[in-house]
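Let's take a walk through this one, starting with charged side chains and ending up in a sheet. Have the viewer open and follow along.

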Amino acid sequence: RHVAHKHPMLSLANTYSIAEIEDFARRADKLLDMDFSYCCELKFDGTAICLTYVDGKLSRALTRGDGEVGDDVTENVLRISNIPKTLEGDYPHEFEIRGEVLMPYEAFDKLNKEREDAEEAPFANPRNAASGSLKLLNPEEVARRGLWCTLYHIPAQSIEFATHDQALNAARRWGLPVSDERRLCRNIEEIEQYISYWDEHRKFLPYATDGIVIKINELQAQRELRSTAKSPRWAVAFKFQAERALSKVLLIDYQVGR
């Protein structure tokens, strides 16, 4: 079932160099009449999800879809073990929180082994496996696949916190799975240190990442900067370079088509 998003789920603009991050910071500084900091987070390589909680209970889960309308996958998301069905503490009456559904490497390898044993085509990567699993018709099969969720954004329009970091700390208190790897940065040098650290250490994580997300931390600044038609002006994604490896060609098979 297709459902419209209350707030559009936009894609992030991608950058590939520190110079482009400096351009992002300069544009924000020009538009804002206030001091601001940055919140840096891992960019998880999964499938985007939007959860709505009402009176502390998970009422709806939508995929990103086209950004305006997503698929209702609530029954399947209720089977993901680290997503709470009910919250605790001083949560708002109603709010959205967004994040990523992932398939950790261990679960991915197990699933592909089962598919190969059943003479089915294996999934190409954990992202495809997570996306395909979320749309299964049998929720019990979803529960068996070992999906995992991390949450990283509450739309600024729907909360009263001063900063993005405060909002995520509150989400953790309510029992939601928020990433431990984020860091507050005051300037480009600290952002560069964070990128450099995770470009090396991400290989030790149990799930796939493909970059770093840099967000302006102050929610009032996010509200003022707003978004373009495609992406928010208050956030940007730095993409890691693709990993390279040598491979030996063992055989070339030629085939004549029509």
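A network of salt bridges ties together Lys110, Glu114, Glu141, Arg144 and Arg145. Keep in mind that this is a predicted model. A good handle on the network is arginine 144, which sits in helix α5, residues 139–144. If you skip its neighbours within four places in sequence, arginine 144 is in contact with Lys110 and Glu114, and both of these belong to the network too. For a sense of the spacing, take alanine 107: 37 residues separate it from arginine 144 in sequence, yet their C-alpha atoms are 9.5 Å apart in space. Is arginine 144 buried, exposed or partly exposed? Its relative accessible area is 43%, and since exposed means over 50% and buried under 20%, arginine 144 counts as partly exposed.

Now zoom out to the charges elsewhere. Side chains of opposite charge can pair when their charged atoms come close. Searching the whole structure turns up 21 salt bridges. One of them joins the side chains of arginine 1 and aspartate 72, at 3.1 Å from N to O. This pair connects distant parts of the chain, 71 residues apart: arginine 1 is in the segment before β1 (2–4), while aspartate 72 is in the loop between β6 (69–71) and α2 (74–77). As for accessibility, arginine 1 has a relative accessible area of 65%, so it is exposed, whereas aspartate 72, at 24%, is partly exposed.

Next, look at a pair that stays within one helix. Arginine 26 and aspartate 23 are both in α1 (residues 18–31), 3 residues apart, or about one turn of the helix. Their side chains form a salt bridge with an N to O distance of 2.4 Å. Here arginine 26 is exposed at 51% relative accessibility, and aspartate 23 is partly exposed at 31%.

What about the surroundings of arginine 98 and glutamate 96: buried or exposed? Both residues are buried, and their side chains meet in a salt bridge at 3.1 Å, N to O. The strand to look at here is β7, which spans residues 94–102. β7 is mostly covered, with 8 of its 9 residues buried.

That brings us to the sheet. Strands of a sheet pair through backbone hydrogen bonds, either parallel or antiparallel. In this case 4 strands make an open sheet, ordered β5-β4-β7-β8, with antiparallel pairing. At the edges are β5 (57–63) and β8 (148–153), each pairing on one side only. On average, neighbouring strands of the sheet are turned by 35° against each other, ignoring direction.

You can trace the pairing residue by residue. β4 and β7 run antiparallel across 8 bridges, and within that pairing threonine 52 has glutamate 96 of β7 as its bridge partner. That is the glutamate whose side chain meets arginine 98. On to β8: β7 pairs with it, again in the antiparallel sense, over 5 bridges. Glycine 99 stands opposite leucine 151 of β8, and glutamate 100 has threonine 150, also in β8, as its bridge partner.

Finally, add a helix to the picture. α4 (residues 126–134) packs on the sheet and touches β4 (47–54), β5 and β7. The direction of α4 makes an angle of about 40° with that of β4.

Technical notes. Residues are numbered from 1 along each chain as its sequence is written. This is a predicted model: local features need pLDDT of at least 70, side-chain atom pairs count only at pLDDT 80 or more; totals for chains, interfaces and linings use all residues. Side-chain values use heavy atoms; hydrogens and water are left out. Two strands pair if DSSP finds at least two bridges between them. Helices (H or I, at least four residues) and strands (E, at least two) are DSSP runs, numbered from the N terminus. Axes are lines fitted to C-alpha atoms, for helices over the stretch in contact, and angles run from 0 to 180 degrees between N-to-C directions. Contact means heavy atoms within 4.5 Å. Buried means under 20% relative accessible area, exposed over 50%, partly exposed in between (1.4 Å probe, protein chains only). A salt bridge is a side-chain nitrogen of Lys or Arg within 4 Å of a carboxyl oxygen of Asp or Glu.
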